[in-house]
Amino acid sequence: MWDFSKGYRIFQSNTPRNFKVMAYFKNKWVKSGWKELYLAQNLIAYDVIFEVDRVMKKRFFRYKTFHAFALAKKIEVVGDSELKDIDTANYREVTYKPKKFHHFVDKETDEPILKASSVIMSMGKIKYK
């Protein structure tokens with residue numbers, strides 16, 4: 001049974017320009033944990049916390065594991081036409097550089113970004129407000 005009260009974990013996918021959305025799955029027959037819900041190209045996420053799993057980061061350089069993600073309370077999957085209608089003038093781009101920082105940073109200023117009220121994820125890019 002899916003437990004959406006824990007929010008959604010969103011990772012950059014191995015598939016170019018896509019994002020992997022995971023939700024918590026609880027079942028007495030199958031091991032509980034975060035399971036992939038779907039892949040999406042365009043997402044809008046609300047009440048987002050940017051997190052880095054430090055234990056998995058140590059393994060990243062050897063195994064290329066997923067360890068940095070956005071934890072969102074609510075998400076919307078949108079199409080290209082809906083995305084074009086959104087005014088993104090107030091949004092700034094965020095990135096994650098595992099060899100340089102232990103957290104997500106603003107792409108221009110390298111300031112740490114830990115939370116955002118609204119995030120647009122489209123075509124492999126992440127913009128926050």
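What percentage of the 129 residues of the chain count as buried? The figure is 40%. The model is predicted, and the stops below go from the whole chain to single residues.

**Whole chain**

Colour by secondary structure. Two helices and nine strands appear, in the order β-β-β-β-α-β-α-β-β-β-β from the N terminus. Switch on a surface: the accessible area of the chain is about 8300 Å², and carbon and sulfur atoms hold 51% of it. For a contact map, note that among contacts with a separation of 6 or more, 57% are between residues 24 or more positions apart.

**The nonpolar cores**

Select Ile10, Phe50, Val119 and Met121. In the largest nonpolar core, which has 24 residues, these four touch the most other members. Two or more residues of this core come from each of strands E1 (2-12), E2 (19-25), E4, E5 (68-77), E6 (92-96), E8 (115-122) and E9 (125-128). The most, five residues, come from E4. There is also a second, separate core of five residues; Ile44, Val78, Tyr91 and Ile120 are among them.

Now centre on Val119. Beyond four places in sequence, Val119 touches Leu43, Ile44, Ala45, Val48 and Phe50, and also Ile126, Lys127 and Tyr128.

**Aromatic pairs**

Show the rings of Phe, Tyr and Trp. The structure holds seven aromatic pairs. Select Phe11 and Phe69 to see one of them: the pair is tilted, with 5.3 Å between centres and 45° between the planes. Because Phe11 belongs to strand E1 and Phe69 to strand E5, the pair ties together parts 58 residues apart in sequence. Both Phe11 and Phe69 are buried.

Next select Phe50 and Phe104. This pair is also tilted, at 4.9 Å centre to centre and 40° between the planes. Phe50 is in strand E4 and Phe104 in strand E7 (residues 104-106), so the link is between distant parts of the chain, 54 residues apart. Phe50 and Phe104 are both buried.

Then select Trp2, Phe4, Tyr8 and Phe25, which ring pairs link into a cluster. Add Lys6 and Tyr24 to the view: the charged end of Lys6 sits over the Tyr24 ring, 4.4 Å from the ring centre.

**Asn42**

Is Asn42 buried or exposed? Its relative accessibility is 4%, so Asn42 counts as buried, the cut-off being under 20%. Asn42 lies in strand E4, which covers residues 42-52. Draw a distance between the side chains of Asn42 and Asp80: a polar contact of 2.6 Å joins them. Expand the selection around Asn42, leaving out residues up to four places away in sequence. The residues touched are Glu76, Val77, Val78, Gly79, Asp80 and Leu83, together with Met121, Ser122 and Met123.

**Asp106**

The last stop is Asp106, in strand E7. Asp106 has a relative accessible area of 2%, so this residue is buried. Which backbone nitrogen does the side chain of Asp106 reach? The nitrogen belongs to Glu108, at 2.9 Å. Apart from neighbours within four places in sequence, Asp106 is in contact with Arg92, Glu93, Glu111, Ile113 and Tyr128. Tyr128 can be kept on display from the Val119 stop, since Val119 touches Tyr128 as well.

Conventions. Residues numbered from 1 in each chain as written. Predicted model: local features only at pLDDT ≥ 70, side-chain atom pairs only at ≥ 80, totals over all residues. Heavy atoms only, no water. Helix = DSSP H or I, 4+ residues; strand = E, 2+ residues; numbered from the N terminus. Buried < 20%, exposed > 50% of the residue type's maximum accessible area, 1.4 Å probe, protein only. Polar contact = N/O pair within 3.5 Å; in protein donor to acceptor, adjacent residues only side chain to side chain. Contact = heavy atoms within 4.5 Å. Core = buried A, V, L, I, M, F, W, Y, C linked by side-chain atoms within 4.5 Å. Phe/Tyr/Trp six-rings, centres within 6.5 Å; stacked < 30°, edge-to-face > 60°. Lys NZ or Arg CZ within 6 Å of the ring centre and 35° of its normal. Areas by Shrake-Rupley, 256 points an atom, 1.4 Å probe, with all protein chains shown as cover.
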